[in-house]
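Open the model in your viewer and keep the sequence panel beside it. Each stop below says what to select and what is there.

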Amino acid sequence: MFTGIIECQGLVLEVRSEGSNKDFIVQSPISSQFKVDQSVCHNGVCLTVVELGSDWHRVTAIEETFSRSNLGDLKKGDQVNLERSMTMDSLLDGHVVQGH
């Protein structure tokens with residue numbers, strides 16, 4: 001679950017197509033704090049981290065996601081809004097948003 005408050009922006013380093021899916025490699029100041037299988041909100045869409053680097057992460061989006069969001073328009077060099085999922089011990093600014 002998310003609060004809807006953007007934590008930071010990331011830079012799209014690469015977009016890879018595999019069938020109708022797309023992988024996004026995103027560099028951000030918080031990528032190093034992620035874990036594989038963690039949910040992270042990208043432009044309002046919950047995506048699962050599938051790979052990590054020192055300052056980047058990779059997520060995969062499916063065709064259904066593109067029909068319901070702007071993620072299909074992302075290209076190398078674009079900025080993306082990022083938000084980590086909320087924890088029960090943090091302030092709940094914004095509002096509670098279910099990501100799945």
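Start by selecting D78, which is buried, with a relative accessible area of 18%. The cut-off for buried is under 20%, so D78 falls on the buried side of it. Keep in mind throughout that this is a predicted model.

**Stop 1: around D78**

D78 belongs to the loop between helix 1 and strand 6. Add K75 to the selection. The side chains of these two residues, D78 and K75, meet in a salt bridge, with 3.3 Å from N to O. The side chain of D78 also reaches the backbone nitrogen of K75, at 2.9 Å. K75 is thus approached by D78 at its side chain and at its backbone.

Now show what else touches D78. Leaving aside neighbours within four places in sequence, D78 is in contact with G10, L11, V12 and D73.

**Stop 2: S69**

Stay in the loop between helix 1 (63-68) and strand 6, and select S69, which lies there too. Is S69 buried or partly exposed? At 23% relative accessibility, S69 counts as partly exposed.

Display the polar atoms of the S69 side chain. One contact runs to the backbone oxygen of T65, which the side chain of S69 reaches at 2.7 Å. Another involves L71: its backbone nitrogen lies 3.3 Å from a polar atom of the S69 side chain.

Then measure from S69 to N43, C-alpha to C-alpha. The two residues are 8.3 Å apart in space and 26 residues apart in sequence.

**Stop 3: two positive phi angles**

Select N43, in the loop between strand 3 and strand 4. Its phi is near 50 degrees, a positive value in a residue other than glycine. N43 is partly exposed, with a relative accessible area of 22%.

Next select D37, in the loop between strand 2 and strand 3 (39-42). D37 is not a glycine either, yet it has a positive phi of about 80 degrees. D37 is exposed, at a relative accessible area of 63%.

**Stop 4: L71 and the nonpolar core**

Select L71 and show the residues that touch it. Not counting residues up to four places away in sequence, L71 touches F24, H42, N43, V45, L47, T65 and F66. N43 from the previous stop is one of these.

L71 is also part of a wider group. How many residues does the largest nonpolar core have? It has 17, and those with the most contacts inside it are F24, L47, L71, L74, V80 and L82. The elements that give two or more residues to this core are strand 1 (8-18), strand 2 (21-27), strand 4 (45-52), strand 5 (56-61) and strand 6 (79-84). Strand 4 gives the largest share, three residues. In soluble globular proteins, nonpolar side chains tend to be buried together.

**Stop 5: rings**

Select F66, one of the residues that L71 touches, together with K22. The charged end of K22 sits over the ring of F66, 5.5 Å from its centre. Do not look for aromatic pairs: a search of the whole structure finds zero of them.

**Stop 6: salt bridges**

How many salt bridges does a search of the whole structure find? It finds six. Side chains of opposite charge can pair when their charged atoms come close.

Select R84 and E7, which form one of these salt bridges, with their closest N and O atoms 2.2 Å apart. R84 lies in strand 6 and E7 in the segment before strand 1, so the pair ties together parts that are 77 residues apart in sequence. R84 is partly exposed, with a relative accessible area of 23%. E7 is partly exposed as well, at 38%.

Move on to R58 and D23, whose side chains meet in a salt bridge at 2.8 Å, N to O. Because R58 lies in strand 5 and D23 in strand 2, this pair ties together parts that are 35 residues apart in sequence. Both R58 and D23 are buried. Add E51 to finish the selection: salt bridges that share partners join D23, E51 and R58 into one network.

Note on methods: Residues are numbered from 1 along each chain as its sequence is written. This is a predicted model: local features need pLDDT of at least 70, side-chain atom pairs count only at pLDDT 80 or more; totals for chains, interfaces and linings use all residues. Side-chain values use heavy atoms; hydrogens and water are left out. A nonpolar core is a set of buried Ala, Val, Leu, Ile, Met, Phe, Trp, Tyr and Cys residues joined through side-chain atoms within 4.5 Å. Buried means under 20% relative accessible area, exposed over 50%, partly exposed in between (1.4 Å probe, protein chains only). Helices (H or I, at least four residues) and strands (E, at least two) are DSSP runs, numbered from the N terminus. Contact means heavy atoms within 4.5 Å. Rings of Phe, Tyr and Trp (its six-membered ring) pair if their centres lie within 6.5 Å; planes under 30 degrees apart count as stacked, over 60 as edge-to-face and the rest as tilted. A charge sits over a ring if NZ of Lys or CZ of Arg is within 6 Å of the ring centre and within 35 degrees of the ring normal. A polar contact is a pair of N or O atoms within 3.5 Å; within protein, one must be able to donate a hydrogen and the other to accept it, and residues adjacent in sequence count only if both atoms are side-chain atoms. A salt bridge is a side-chain nitrogen of Lys or Arg within 4 Å of a carboxyl oxygen of Asp or Glu.
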